[in-house]
Amino acid sequence: MVFEAVRDSLGEIIDFTWIYVNDAAAEIVGHPSDWFIGRRMLVEMPGNRDEGLFDLYKHVTETGEVAIREFDYDRDGLSRGFRTVATPVERGFAVAFSDITDRRAAERALVEADRQKDRYLAMLAHELRNPLAGITSALEVMTTSLPDDDRVLHASRIAVRQVAQLRRLLDDLLDVARIQNDSVSVDMHTIDLREAIEMALDNLGPSLAAKGIRVTCSDCDAPTPVTGDLVRLTQVIGNLLDNACKFSPPHTAIALELQRDGDMVRLAIRDSGRGFDDAESRELFDKFARGSQARVGEHQGLGIGLFLARHLIEAHGGRLSAHSPGRECGATFEMSLPLGAPGDRLATDARAANTGERTYSILIVDDDADAAESLAMLLEIQGHQVSHVDRGARAILAIEEQRPQVVLLDIGLPDISGHELARRLRADEHARDLVLIALSGFGRAADLQASREAGLDDHLVKPVSLAGLNTAIHQAMTQSRP
């Protein structure tokens with residue numbers, strides 16, 4: 001575009017008129033090129049004054065200096081980003097400009113992403129420090145009190161509760177990453193949904209008890225078969241119950257209602273807590289959404305529990321929704337799942353596996369001395385015969401000497417990996433029938449697949465509950481091998 005200055009009687013520039021516009025520029029602005037000729041800039045596009053462009057062009061015309069500027073223009077029916085180069089010409093100036101709308105949007109998105117990252121890291125640090133503070137204080141109480149002091153038992157319960165909270169945080173963070181990478185998996189069977197409810201309540205029992213919250217369940221007497229993944233559904237129900245617990249006043253109740261609806265099963269979780277308004281409901285299931293501070297107050301969180309719950313329910317072919325009459329009026333979260341096929345046998349309740357009084361000789365292979373020794377003490381309390389080594393090579397020697405029945409393997413060993421050790425043991429005719437269970441901090445789907453390919457009987461992700469470990473050992477010991 002080329003402009004000629006319009007001056008008043010004193011020679012002051014008061015506007016510019018178009019004297020040339022090429023087709024590309026005309027197309028961006030939205031008029032034919034001949035439409036501009038002879039028209040005044042500030043009459044047709046007054047936003048140039050508001051944006052400060054008129055003063056810039058006036059300066060270029062009067063001083064002969066070249067000016068370069070990038071800006072967003074949201075006036076006069078235009079909403080675009082531009083890069084302009086204004087050059088003085090006889091009696092005015094010429095301006096060449098390019099449309100940088102997409103680039104400006106990308107830059108703003110990067111800036112916002114950086115701000116979100118900083119906010120997220122601050123939230124993460126807060127959420128991790130809270131349980132760590134509780135654990136640290138509880139351990140101080142236990143190490144400075146007499147063994148029979150009632151405070152020791154109370155402190156140990158605090159530590160257990162806070163460790164469970166840390167585990168939930170880590171599990172949810174890993175699953176969010178899997179969802180983003182489209183690698184989250186569900187292991188579908190016909191299960192009894194009541195079992196997932198019971199397991200979730202067991203996991204959250206300490207948190208519920210700490211606030212004095214009662215949980216009631218209606219229509220939970222009859223078996224309720226659904227097609228789903230027991231572990232994942234336990235996780236979803238746990239997240240929903242944890243959310244209800246956070247936002248409920250102390251000494252109130254959470255109601256669970258279980259119903260069949262045609263070929264679907266519906267589970268509603270109702271609380272009498274903070275609730276939410278229409279504006280909050282629209283972002284309730286968004287990643288990192290935590291509601292307004294007016295609603296959340298002292299209740300923090302990473303804002304991923306509900307995001308994760310919805311994705312996992314949808315992966316089951318189900319639906320998760322939320323309803324609230326308004327703030328301070330409680331909330332209801334309702335999940336629906338496909339009913340299990342008629343005649344399907346319900347998956348065995350893993351927690352009810354009858355381990356009886358059986359004990360085993362167990363070898364722990366882990367280079368983390370604290371983790372190995374504490375686990376060994378727990379297993380010894382249950383009557384198992386336990387030893388531990390910190391290297392794969394030492395494990396091979398210990399297996400030859402001790403002939404254990406069960407080997408618990410860390411994957412990230414300092415000399416050879418747990419997977420390589422498992423392959424060597426499976427190739428040894430004297431060790432191939434050992435029960436091999438991975439006990440590792442690596443928990444991606446690829447890690448579990450690698451364990452299966454290496455010949456391990458199971459892969460448990462740290463930290464694992466003692467009940468869960470005992471169940472895995474018993475099941476591996478009783479299953480037949482080819």
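**What covers helix α15?**

What covers the buried residues of α15? This is a predicted model, and in it the cover includes two helices, α14 (392–402) and α16 (445–454), along with the strands β13 (361–365), β15 (406–409) and β16 (435–440).

Helix α15 itself runs over residues 418–427, and its buried residues are Gly418, His419, Leu421, Ala422, Leu425 and Arg426. Look down the axis of α15 and these buried residues fall within an arc of 160°, so they line one face of the helix. That spacing fits a simple rule: an α-helix has 3.6 residues a turn, so residues three or four places apart point the same way.

**The chain overall**

Stepping back, the protein chain has 17 helices and 17 strands. It has 482 residues, of which 42% count as buried. Take the contacts between residues at least 6 apart in sequence, and 63% of them join residues at least 24 apart.

**The nonpolar cores**

In soluble globular proteins, nonpolar side chains tend to be buried together. Here, the largest nonpolar core has 39 residues, and Leu193, Ile237 and Met335 have the most contacts inside it. Two or more residues come from each of these elements: helices α8 (193–211), α9 (230–247) and α12 (305–315), and strands β9 (253–261), β10, β11 (319–323) and β12 (331–338). Helix α9 gives the most, with eight residues.

Met335 is a good place to start if you want to look around. Leaving out residues up to four places away in sequence, methionine 335 touches Leu233, Val236, Ile237, Leu240, Val265, Arg266, Leu267, Ile313, Arg319 and Leu320. There's also a second, separate core of 26 residues, which includes Trp18, Leu42, Tyr57 and Phe82.

**Aromatic pairs and a cluster**

Now for the rings. The whole structure holds twelve aromatic pairs. One of them joins phenylalanine 3 and tryptophan 18, a tilted pair with 5.3 Å centre to centre and 40° between the planes. Phenylalanine 3 sits in strand β1 (residues 2–7) and tryptophan 18 in strand β2 (residues 13–20), so the pair ties together parts that are 15 residues apart in sequence. Is phenylalanine 3 buried or exposed? Phenylalanine 3 counts as buried, because its relative accessibility is 3%, and tryptophan 18 is buried too, at 2%.

Phenylalanine 71 and phenylalanine 82 make another tilted pair, 6.0 Å centre to centre and with 40° between the planes. This pair links strand β3 (residues 67–75), home of phenylalanine 71, with strand β4 (residues 78–89), home of phenylalanine 82, across eleven residues. Both of these phenylalanines are buried. Elsewhere, Phe3 and Trp18 turn up again in one aromatic cluster, joined by Phe16, Trp35, Phe36, Phe54, Tyr57 and Phe93.

**Arginines over rings**

Two arginines lie over ring faces. Arginine 49 lies over the face of phenylalanine 54, at 5.1 Å from the ring centre. For arginine 310 the ring is that of phenylalanine 285, and the distance from the ring centre is 3.9 Å.

**A buried aspartate**

Which strand holds aspartate 271? It lies in β10 (residues 264–271). Aspartate 271 counts as buried, because its relative accessibility is 12% and the cut-off for buried is under 20%.

What does its side chain reach at 2.8 Å? The partner is the backbone nitrogen of glycine 273. Setting aside neighbours within four places in sequence, aspartate 271 is in contact with Ala244, Ser248, Ala253, Ile254, Gly330 and Ala331.

How values were computed:
Residues are numbered from 1 along each chain as its sequence is written. This is a predicted model: local features need pLDDT of at least 70, side-chain atom pairs count only at pLDDT 80 or more; totals for chains, interfaces and linings use all residues. Side-chain values use heavy atoms; hydrogens and water are left out. Buried means under 20% relative accessible area, exposed over 50%, partly exposed in between (1.4 Å probe, protein chains only). Helices (H or I, at least four residues) and strands (E, at least two) are DSSP runs, numbered from the N terminus. The arc is that of the directions from the helix axis to the C-beta atoms. Contact means heavy atoms within 4.5 Å. A polar contact is a pair of N or O atoms within 3.5 Å; within protein, one must be able to donate a hydrogen and the other to accept it, and residues adjacent in sequence count only if both atoms are side-chain atoms. Rings of Phe, Tyr and Trp (its six-membered ring) pair if their centres lie within 6.5 Å; planes under 30 degrees apart count as stacked, over 60 as edge-to-face and the rest as tilted. A charge sits over a ring if NZ of Lys or CZ of Arg is within 6 Å of the ring centre and within 35 degrees of the ring normal. A nonpolar core is a set of buried Ala, Val, Leu, Ile, Met, Phe, Trp, Tyr and Cys residues joined through side-chain atoms within 4.5 Å.
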